[in-house]
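Good morning, colleagues. Please turn to the structure on the screen, and I shall take you through two parts of its architecture.

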Amino acid sequence: MVIKLVGSVYYKMIQRQICMCFRQRIILKPEFFLKNNQALGFLKTNILLIPTQVRTLGNQHHQSYLSSYRKVSTEEVTKPIISLVNEILKLKDARATSLVVENRLRSLMFLYINLKKDEKDDFLKIMATDYSVNHGIVANLSKQLADMDPSSAGGMLLKTEDKLRELLTPQYVWLFSHLSRIDGGIKFLVDLRCDILALLSIIDTKSPLYSVMQQMNSALKEQLSVFFSGEFLRLQRVTWSSPASLLQKISDYEAVHPVRSWTDIRQRVGPYRRCFIFTHHSLPDEPLVVLYVALTEEISDSLKNIIYSTGDEEIVKSNVHEEQLLNIKAFIFYSISATQKGLQGIDLGNYIIKQAAKELHSEYSFVTRFSTLSPIPTFRHWLIEKMKAAERGEDVFPTNEWKEILDLINPEDNADAWAKLRSMLSNNSWIKVENFVNALKAPLMTSCSRYLYLEKRRGYALDSVANFHLRNGAVMWRLNWLADTSPHTLTHSCGLMVNYRYYLDAVDTNSLKYIQGRSITASEQIMKLSRAS
């Protein structure tokens, strides 16, 4: 769509922005129009020179500009987009051409993107309730189907089954499916699910609205799971030679061990290290999940030699020589971070670990030891709650397990000792006192083992990281004392970290054993510690 040049400086400015918008399928932001009142006037004067689609967008922005001078209810704002949804769904029944449907869907995307948060929430609520399954009609049709005689109904039976199948599919599923087929549609759906999840988090779980919102969330998640399945994902290795923009993104997205500097990221993608990302054609240059791996001589029990501390810049600079094969005997997956909230619950982590393992094995086929060095993100929270119960006099820990540390704090008053210990764990002050560190090792290790191995939610490991790796077929292999004493890890797990070991020939067996039998495969160390009394 090329707009004829008419000589106006305003027109040239609009032409440049609009042509780029429609040629590259980029959504034009409303701020462009709102900041250019004279451009708006030019659009109005020369309206017939502007293509229909662009004219529609210009009118919408103009109305938005005018509405800034008066209060507009969210109902008024969402009315046009709901009308557009109805129009699109009518095109479905009319069997309109794909081009007509796509044009309407682009307008739908444009309108939604420029809604405010409360307006988006109202739109999503309407979509979830008014465009979901009509259970009354389904019940009536089901009764008709049940009353039919299969031997005589013939084609009518099949037509009724097809109609019932259609009615059992919410109308928004058809919208999601067609949105995914246009440029920018999958990215739009990922962001849309992010908005749905945010709305779900503030709705009362007992409310009827929560049920229909969850149904819409599940339907969209199911479609996204297909788009982001293994065959559509591309494994890419990130190195120091990768674009600076990509290095910046993986630094920003790191959620497990925050990146402190460019020297830090240089070490994480340098010799004896690997950084893998998954990308998707619908989100170019955008990492979906980031995985960091260390190539080591032993299965690491500490983060110290994997991520260097601040001040170790000279070690990083000197460690630029080529990798020596004799020094590589194990692969340690020490950090994995998902980057897109809209893809929450879609198992990208499982895919990237398996793909990275294949990549590493093809490069170093003689290495057979694959392990993680993983955080235990909610252990301290669980422990603090248990201590509150102990403070009230409840019997929550084995006899004498915490006696040594409690006697160090206050041998005369058990409740007071628990309260002070809980405070020290909460503010991490215990790590600065050698006697406390020594006295806490045994009770913390046994409590953490029980938390990982015995604490369950619906039959599966309570700890989210443990549940993830066990589902993937790993073995709960070793619990490590003070594996990371950074404030972040002390706050979440009192400095403890755990190795989940992947035996490639037993991954499938272990995974099925856990998923179907809800049985955790663990080492002797873990089982012994969890039984300690």
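I shall speak about a pair of helices and then about a sheet. Please bear in mind that this is a predicted model.

Let me begin with the helices. Two packed helices are described by the angle between their axes and the distance between the axes. Here, helix H6, residues 98-113, packs against helix H11, residues 171-179, at an angle of about 100 degrees, and their axes lie 10 Å apart. Because angles of 65 to 115 degrees count as roughly perpendicular, H6 is roughly perpendicular to H11. On the H6 side, the contact is formed by Val101, Leu105 and Met109; H11 contributes Trp174, Leu175, His178 and Leu179. By class, six of the residues in this contact are nonpolar and one is polar, with no charged residues.

I turn now to the sheet. It is open, has seven strands with mixed pairing, and follows the order E1-E2-E3-E4-E5-E9-E8. At its edges are strand E1, residues 233-238, and strand E8, residues 475-480, each of which pairs on one side only. From one strand to the next, the twist averages 30 degrees.

Within this order, let us consider one pairing. Strand E2, residues 273-280, and strand E3, residues 289-296, are antiparallel and share six bridges. Phe278 has Val289 of E3 as its bridge partner.

Finally, what packs on the sheet? Helix H22, residues 464-471, does so, touching strands E4 (330-338), E5 (369-372), E8 and E9 (497-502). The direction of H22 makes about 10 degrees with that of E9.

Thank you for your attention.

Definitions and conventions
Residues numbered from 1 in each chain as written. Predicted model: local features only at pLDDT ≥ 70, side-chain atom pairs only at ≥ 80, totals over all residues. Heavy atoms only, no water. Axes fitted to C-alpha atoms, helices over the stretch in contact; angles between N-to-C directions. Helix = DSSP H or I, 4+ residues; strand = E, 2+ residues; numbered from the N terminus. Parallel < 35°, antiparallel > 145°, perpendicular 65-115°, else oblique. Contact = heavy atoms within 4.5 Å. Nonpolar A, V, L, I, M, F, W, Y, C, P; charged D, E, K, R; others polar. Pairing = 2+ DSSP bridges.
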